[in-house]
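Open the model in your viewer and keep the sequence panel beside it. The stops below can be selected one after another.

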Amino acid sequence: MEFSFLQVSIAIMALAAVAQTSLALPDTNGESNSVKDFLAGHNAARASVGVPPLRWNATVAAYAEAYAAQRSTDCALEHSGGPYGENIAEGYGDLSAADSVKMWAGEKPNYDYASNSCVGGECLHYTQVVWRNTVSIGCARAACQNGWMFVTCNYYPPGNYEGERPY
């Protein structure tokens, strides 16, 4: 079976993107940036407002991994526009799973429950983290060609519906 130059080039580019993606894998040997690290930060924030914990969703994680691999070429802070809720982050060097979730959850002081609105800054990453109807997540990290790290977490079902409270 012969392969064209285009087919071989596409295969090499796909392998390079996968090789650059730091996938969130089960924590079996104490490694950081694992499923456990993504879930721990989310579930701590959720517990603080009485919302049930999230679980890992392999289908949603596959979506996150594919999008992180796509973003590894430019590290653009752009949402995927996909079917899930989504938080994204980028940072120079090794932006960890824990640091990403801490950054999103750190918007809590900007959320005013009484008015159900953001005050004094961004809070929509936080409200997605604690959205009561979300039951599962999938997340991934990718080392970008520019030396930065791209992190994405996707949420099923999504949250942040206008006029609805997160919890």
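A nonpolar core here is a set of buried Ala, Val, Leu, Ile, Met, Phe, Trp, Tyr and Cys residues joined through side-chain atoms within 4.5 Å. Buried means under 20% relative accessible area. Keep in mind throughout that this is a predicted model.

**Whole chain.** Start with a cartoon view. The protein has five helices and seven strands, and from the N terminus on they follow the order α-β-α-β-α-β-α-β-β-α-β-β. Of its 167 residues, 40% count as buried. Among contacts between residues at least 6 apart in sequence, 66% join residues at least 24 apart. Switch to a surface: about 8800 Å² is exposed, and carbon and sulfur atoms supply 59% of that area.

**Largest core.** Select Phe38, Trp104, Val129, Ile137, Val151, Cys153 and Tyr155. Within the 22 residues of the largest nonpolar core, these touch the most other members. Two or more residues of this core come from each of α2, α4 (97-105), α5 (124-129), β6 (136-143) and β7 (148-156). In soluble globular proteins, nonpolar side chains tend to be buried together.

Now centre on Trp104. Which residues does Trp104 touch, leaving aside those up to four places away in sequence? The contacts include His42, Asn87, Ile88 and Ala89, and also His125, Tyr126 and Val129. Val151, Cys153 and Tyr155 are on the list of contacts of Trp104 too.

**Second core.** Select Tyr67, Ala68, Cys144 and Phe150. They are among the nine residues of a second, separate core.

**Asn33.** Go to the loop between β1 (21-23) and α2 (35-47), where Asn33 lies. Asn33 is buried, because its relative accessible area is 9%. A polar atom of the Asn33 side chain is 2.6 Å from the backbone nitrogen of Ala97.

**Backbone exceptions.** Most residues other than glycine have a negative phi, and most peptide bonds are trans. Three places to select next depart from that pattern.

- Cys75 is in the loop between α3 (58-71) and β3 (85-92). Its phi is positive, about 55 degrees. Is Cys75 buried or exposed? Cys75 counts as buried, at 2% relative accessibility.
- Asn160 is in the segment after β7. Here too phi is positive, about 60 degrees. Asn160 counts as partly exposed, with 30% relative accessibility.
- Pro157 also belongs to the segment after β7. The peptide bond joining Tyr156 and Pro157 is cis, with omega about -20 degrees.

Technical notes: Residues numbered from 1 in each chain as written. Predicted model: local features only at pLDDT ≥ 70, side-chain atom pairs only at ≥ 80, totals over all residues. Heavy atoms only, no water. Helix = DSSP H or I, 4+ residues; strand = E, 2+ residues; numbered from the N terminus. Buried < 20%, exposed > 50% of the residue type's maximum accessible area, 1.4 Å probe, protein only. Polar contact = N/O pair within 3.5 Å; in protein donor to acceptor, adjacent residues only side chain to side chain. Contact = heavy atoms within 4.5 Å. Areas by Shrake-Rupley, 256 points an atom, 1.4 Å probe, with all protein chains shown as cover.
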